Protein chains: 2
Amino acid sequence: MARVVVDVMLKPEILDPQGQAVQRALPRLGFEGIADVRQGKRFELEVEGPVDEAALARIHEMAETFLANTVIEDFTVRVDEPAEAGS
Amino acid sequence: MARVVVDVMLKPEILDPQGQAVQRALPRLGFEGIADVRQGKRFELEVEGPVDEAALARIHEMAETFLANTVIEDFTVRVDEPAEAGS
């Protein structure tokens, strides 16, 4: 089964209090050199059947109408490539 | 300034009620063919200076101790590559 990832982030011009809270906490915790933090959502969708143009278009529509609030959020849709796993 | 992305997802064996709620809502909204949804967090960190081995190791430690709860969550750290923007 193929995995499609939808990332939803606040638009750059929208204030992100969650990200700010993280960024301000980092120096207190001993982590310097991070100029900005934005926090968003990541959806991993397990798709039945082939992930073709039509399926991606459907997921794009789903993200636009349901997963993201496009007034304040941007989103990206992509087929997942395995990344280096942490811990 | 370089951007590093930390993705934090619940471990596969941990129940994800947020993702389940999304998955169950999709057929009602006319979207079929999604077998499973997991919802997690995405952090975008703007890093001052070069993103070398040392910086990535530091961010890995930050993710492990602060951004993720490694009892129930897995995380990945990667340098951001621009993806296809939605909407």
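## Burial of the central strands

A residue is called buried here when its relative accessible area is under 20%, and by that criterion strand β2 of chain A, residues 34-47, is mostly covered, with 11 of its 14 residues buried. The model is a predicted one, and the description that follows should be read with that in mind. In chain B, strand β2 is likewise mostly covered, since 11 of its 14 residues are buried under the cut-off of 20%.

Strand β1 of chain B, which spans residues 2-10, can be described in similar terms: 7 of its 9 residues are buried, so this strand is largely enclosed by the rest of the structure.

## How the two copies are related

Two copies of a chain are related by a rotation about an axis and a shift along it. For this model, chain A is superposed on chain B by a rotation of 180° with 0.0 Å of shift along its axis, and the RMSD is 0.0 Å. The two copies are thus related as by a two-fold rotation axis. Within chain A, the C-alpha nearest that axis belongs to A:K41 and lies 2.3 Å from it.

The interface itself shows a corresponding overlap, in that 98% of the interface residues of chain A are also interface residues in chain B, so the copies meet through the same surface.

## Strand pairing across the interface

Strand β2 of chain A and strand β2 of chain B, each covering residues 34-47, run antiparallel and are joined by 13 bridges. Which residue of β2(B) is the bridge partner of A:K41? The partner is B:K41, and A:K41 is also the residue whose C-alpha is nearest the axis in chain A. Elsewhere in this pairing, A:Q39 has B:F43 in β2(B) as its bridge partner.

B:Q39, which lies in strand β2 of chain B, gives a residue-level view of this region. With a relative accessible area of 10%, B:Q39 is buried. When its neighbours within four places in sequence are left aside, B:Q39 is in contact with A:K41, A:R42 and A:F43 in the other chain, and with B:M9, B:D16, B:Q18, B:G19 and B:V22 in its own chain.

## Strand pairing within each chain

In chain A, strand β1 (residues 2-10) runs antiparallel to β2(A), and 7 bridges join the two strands; one of the pairs places A:D7 with A:R42 as its bridge partner in β2(A). In chain B, β1(B) and β2(B) also pair in the antiparallel sense, over 7 bridges. Among the pairs of residues in chain B, B:D7 stands opposite B:R42 in β2(B), while B:V5 stands opposite B:E44 in β2(B).

Strand β1 of chain B has a further partner in strand β3 of that chain, residues 73-79, with which β1(B) pairs in the antiparallel sense over 7 bridges. In this pairing, B:F75 of β3(B) is the bridge partner of B:V8.

## Helix packing between the chains

Helix α2 of chain A (residues 53-67) packs with helix α1 of chain B (residues 17-28) at an angle of about 110°, and their axes are 12 Å apart. That angle makes α2(A) roughly perpendicular to α1(B). From α2(A), the residues A:M62, A:F66 and A:L67 meet B:V22, B:A25 and B:L26 of α1(B). What is the make-up of this contact in nonpolar, polar and charged residues? The residues of the contact divide into 6 nonpolar, no polar and no charged.

The reciprocal pair, helix α1 of chain A (residues 17-28) with helix α2 of chain B (residues 53-67), packs at an angle of about 110° with the axes 12 Å apart, which makes α1(A) roughly perpendicular to α2(B). Here A:V22, A:A25 and A:L26 in α1(A) meet B:M62, B:F66 and B:L67 in α2(B), and the residues of this contact divide into 6 nonpolar, no polar and no charged.

## Two further residues

A:L10 lies in strand β1 of chain A. With its neighbours within four places in sequence set aside, A:L10 is in contact with A:L15, A:D16, A:R38, A:I72 and A:E73, whereas A:L10 and A:F31, which are 21 residues apart in sequence, are 24 Å apart in space from C-alpha to C-alpha.

B:T70 belongs to the loop between α2 and β3 of chain B and, at 30% relative accessibility, counts as partly exposed. The C-alpha atoms of B:T70 and B:P17, which are 53 residues apart along the chain, are separated by 18 Å.

Note on methods
Residues numbered from 1 in each chain as written. Chains lettered and ligands numbered in written order. Predicted model: local features only at pLDDT ≥ 70, side-chain atom pairs only at ≥ 80, totals over all residues. Heavy atoms only, no water. Least-squares fit on C-alpha atoms with pLDDT ≥ 70 in both. Contact = heavy atoms within 4.5 Å. Axes fitted to C-alpha atoms, helices over the stretch in contact; angles between N-to-C directions. Helix = DSSP H or I, 4+ residues; strand = E, 2+ residues; numbered from the N terminus. Parallel < 35°, antiparallel > 145°, perpendicular 65-115°, else oblique. Nonpolar A, V, L, I, M, F, W, Y, C, P; charged D, E, K, R; others polar. Buried < 20%, exposed > 50% of the residue type's maximum accessible area, 1.4 Å probe, protein only. Pairing = 2+ DSSP bridges.
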